[in-house]
Amino acid sequence: MVWGGIALLLLSASLYYAFESKIPFYVAVVIFIGIYLVVVNFFRCPIRRFEGDTENVVVAPADGKIVVIEEVDENEYFHDRRLMVSIFMSLTNVHANWIPADGTVRLVGHQNGNFHKAWLPKASIENERSTIVIETPDGVFIMARQIAGAMARRIVTYAREDEDCYIDEHMGFIKLGSRVDLYLPAGTKVNVKLGQRTVGNETIIAKL
């Protein structure tokens with residue numbers, strides 16, 4: 001972030017002295033400020049506290065928009081039908097991810113893959129991704145899958161196997177456009193709708 005800001009300052013200074021007219025300099029400064037503000041917002045990692053009882057609650061693991069709510073066959077871990085809820089993160093969203101439910105981390109896995117546009121259905125099973133499986137205190141298993149998008153090239157996962165995890169904790173970070181899929185038990189009643197905006201660690205996705 002700091003080095004990027006310095007690079008933009010140096011580039012702006014070179015434009016200032018390179019042209020007699022200052023119009024290119026002013027145009028570039030406006031563009032650079034816009035880019036820098038988007039990047040600063042993107043890489044923020046805010047501390048948020050969930051207000052309410054966390055028992056049997058599944059919260060949004062990311063800021064973004066609900067793009068999928070449907071039952072699917074999950075064949076990498078559960079090998080059964082699951083309710084998938086997908087949150088797409090645009091470049092303007094914070095890309096920090098939060099633990100969606102209290103419990104114990106039973107699996108952390110990473111799969112290499114493609115970099116299709118994150119909102120496409122095939123991104124869930126073909127893109128590079130990290131998988132986190134959580135067992136709640138009541139013995140219910142849910143999965144959160146961090147998925148790289150067309151521009152994302154790095155997924156960071158903080159969760160560790162066999163460690164207790166809690167709502168309010170950061171689960172990881174995805175750098176540039178991407179999505180997070182939640183796999184819940186089939187038949188789970190969700191509290192969100194398609195197209196709804198979510199706020200990570202605040203929006204209630206479902207109650208188990």
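Begin with the lining of the largest pocket in this predicted model: colour its residues by character, and they divide into six nonpolar, two polar and five charged. The lining comprises 13 residues in total. To centre the view, select Val 72, Asp 73, Ser 124, Ile 125 and Tyr 183, which lie nearest the centre of the pocket. The space enclosed there amounts to about 200 Å³.

Next, display the secondary structure around this pocket. Strand E2 (64-74) and helix H3 (123-126) each supply at least two residues of the lining. E2 gives the most, with five residues.

Now turn to the interior. In soluble globular proteins, nonpolar side chains tend to be buried together. The largest nonpolar core of this model has 27 residues. Select Val 85, Leu 184 and Ile 205, the members with the most contacts inside this core. Then highlight the strands that give two or more residues to the core: E3 (80-89), E6 (129-135), E7 (141-148), E10 (170-175), E11 (178-185) and E13 (204-207). Of these, E3 gives the most, with four residues.

Keep Ile 205 selected and show its surroundings. Which residues is Ile 205 in contact with, leaving aside its neighbours within four places in sequence? They are Val 58, Val 59, Ala 60, Ile 66, Val 85, Ile 87, Leu 182, Val 190, Asn 191, Val 192 and Thr 198. Val 85 therefore merits display alongside Ile 205, as both are among the residues with the most contacts inside the largest nonpolar core, a set joined through side-chain atoms within 4.5 Å.

Finally, select Val 68, Phe 78, Met 84 and Met 143. These residues are included in a second, separate core of seven residues.

How values were computed:
Residues numbered from 1 in each chain as written. Predicted model: local features only at pLDDT ≥ 70, side-chain atom pairs only at ≥ 80, totals over all residues. Heavy atoms only, no water. Buried < 20%, exposed > 50% of the residue type's maximum accessible area, 1.4 Å probe, protein only. Contact = heavy atoms within 4.5 Å. 1 Å grid on protein atoms, 1.4 Å probe; cavity = no way out; pocket = protein on both sides within 12 Å on 5 of 7 lines; lining within 4 Å. Points joined across faces, edges and corners; volume = space filled by probe spheres on them. Nonpolar A, V, L, I, M, F, W, Y, C, P; charged D, E, K, R; others polar.
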